[in-house]
Amino acid sequence: MRTNFDSLRIVKVEEIVEETPTVRTLAFRDGTSSKARPGQFLMVWIPGVEELPMSVMIWHKKLYAAVTVRKKGYGSTSLYDKKVGEKLGVRGPYGNSFEIRENAKKVLLVGGGTGLVPLLRLAGHLNDARIDTTLIIGAKTHSEVFFEKLAGKCLGDTNHRVLITTEDGSYGIKGQTTDAMLDLISVEGFDTIYTCGPEGMMKKVFDLAEARSIPLQASLERYMKCGIGICASCCIGDRLVCKDGSIFHSQDLSSLSEFGSEYRDKTGRKCRYL
Ligand SMILES: Cc1cc2nc3c(=O)[nH]c(=O)nc-3n(C[C@H](O)[C@H](O)[C@H](O)COP(=O)(O)OP(=O)(O)OC[C@H]3O[C@@H](n4cnc5c(N)ncnc54)[C@H](O)[C@@H]3O)c2cc1C
Ligand code: FES
């Protein structure tokens with residue numbers, strides 16, 4: 001793993017895609033980021049604002065990568081507001097990555113919101129390995145659905161399904177990702193389940209997977225400052241999300257009592273998920 005602060009690279013935003021009214025993808029040229037493994041993240045420096053962890057998004061041009069950001073607080077909104085030609089700093093990619101088990105034949109991916117970013121990079125690898133893949137994309141409503149076509153493209157050479165769920169039923173299957181997942185795993189077997197999205201959703205996905213003894217890998221988010229295992233701001237139990245994760249397997253998650261219930265704010269204070 002690279003752990004060198006000197007490796008900050010200045011990149012220029014070259015293209016911007018509007019994914020939804022609150023989500024944008026910003027593409028830049030950076031060969032190092034373009035080689036990220038699925039699930040790895042960058043520390044993205046927004047000059048004069050702050051540095052934020054962001055999953056590395058795929059981009060269709062060689063030596064390019066991207067970040068897909070949802071505007072939320074001050075940092076993410078400043079990143080979202082960047083224009084073509086403006087500069088950012090990136091370091092990384094950091095963290096471990098999703099693992100594809102040897103002899104895997106059929107897998108399930110469950111993602112929500114910007115949690116789809118690492119799952120798309122994984123989808124490319126599953127496609128290369130010709131592993132039968134089902135992806136469930138969850139959103140509250142139709143206007144918040146993104147990456148549906150891109151996901152189909154990433155999985156174009158292998159047997160695959162992309163299912164959409166919306167909570168208000170305005171598109172796809174009505175309900176949450178876990179409703180669609182329950183229907184699927186009740187009748188089909190999967191070698192592994194991969195998930196990334198809101199932690200409440202991932203906890204439900206984990207509980208369903210555990211009930212059927214299906215191995216699971218989840219990408220966790222915690223507040224990060226250094227991204228390389230120094231400051232401990234990203235701790236969950238006795239683990240550091242930036243260094244020991246951000247991907248955690250079922251056996252790790254079972255021992256992390258904070259998973260799905262608590263996180264730490266910027267001051268390190270424990271807060272409960274609502
Ligand atoms: C490994 C990793 C990958 C990430 N990838 C992406 C990505 O691809 N796209 C993307 O948009 N974001 C991603 N994030 C989240 C991102 O880094 C920021 O936390 C998010 O954009 C909010 O930052 P902010 O400064 O705008 O908000 P803040 O002002 O810090 O917070 C806005 C709101 O979010 C809440 N919040 C902040 N951090 C957490 C947390 N850890 N758990 C629960 N609630 C929290 C705050 O309490 C507040 O209500 C990732 C995070 C990690 C750790
Ligand atoms: S962000 Fe500093 S130790 Fe993880």
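**Exercise 1. Find which strand gives the most residues to the shell around ligand 1, then work out how the protein holds this ligand.**

Step 1. Start with the shell: S4 gives the most, with 5 residues. Keep in mind that we're working with a predicted model.

Step 2. Now see who else chips in. Strand S4 (50–55), strand S5 (64–70) and helix H2 (74–80) each supply at least two residues of the shell.

Step 3. Sort the shell by class: you get 10 nonpolar, 6 polar and 6 charged residues.

Step 4. Pick out the nearest ones. Among the 22 residues around ligand 1, those are Pro53, Thr68, Arg70, Gly73 and Ser76.

Step 5. Look for polar contacts to oxygen atoms of the ligand. The side chain of Ser76 has an N or O atom 2.5 Å from one, a polar backbone atom of Arg70 sits 3.0 Å from one, and Lys72 brings a polar side-chain atom to 3.3 Å. As for cover, ligand 1 on its own has 950 Å² of accessible area, and the protein covers 80% of that.

**Exercise 2. Work out how the buried residues of helix H5 are arranged, and what they pack against.**

Step 1. List the buried residues of H5 (residues 177–187): Thr177, Thr178, Ala180, Met181, Leu184 and Ile185.

Step 2. Look down the helix axis. These residues fall within an arc of 155 degrees, so they line one face of H5. The spacing rule helps here: an α-helix has 3.6 residues a turn, so residues three or four places apart point the same way.

Step 3. Flip to the face turned away from the buried side, and you'll meet exposed Asp183 and Val187.

Step 4. Find the packing partners of the buried residues: strands S7 (106–112), S8 (132–139), S9 (160–166), S10 (173–174) and S11 (192–196), along with helix H6 (199–211).

How values were computed: Residues are numbered from 1 along each chain as its sequence is written. Chains are lettered from A and ligands numbered from 1 in the order in which they are written. This is a predicted model: local features need pLDDT of at least 70, side-chain atom pairs count only at pLDDT 80 or more; totals for chains, interfaces and linings use all residues. Side-chain values use heavy atoms; hydrogens and water are left out. Buried means under 20% relative accessible area, exposed over 50%, partly exposed in between (1.4 Å probe, protein chains only). Helices (H or I, at least four residues) and strands (E, at least two) are DSSP runs, numbered from the N terminus. The arc is that of the directions from the helix axis to the C-beta atoms. Contact means heavy atoms within 4.5 Å. A residue is near a molecule or strand if one of its heavy atoms lies within 4 Å of it. A polar contact is a pair of N or O atoms within 3.5 Å; within protein, one must be able to donate a hydrogen and the other to accept it, and residues adjacent in sequence count only if both atoms are side-chain atoms. Accessible areas come from the Shrake-Rupley method with a 1.4 Å probe; for residues, only the protein chains shown count as cover. Ala, Val, Leu, Ile, Met, Phe, Trp, Tyr, Cys and Pro count as nonpolar, Asp, Glu, Lys and Arg as charged, and the others, Gly among them, as polar.
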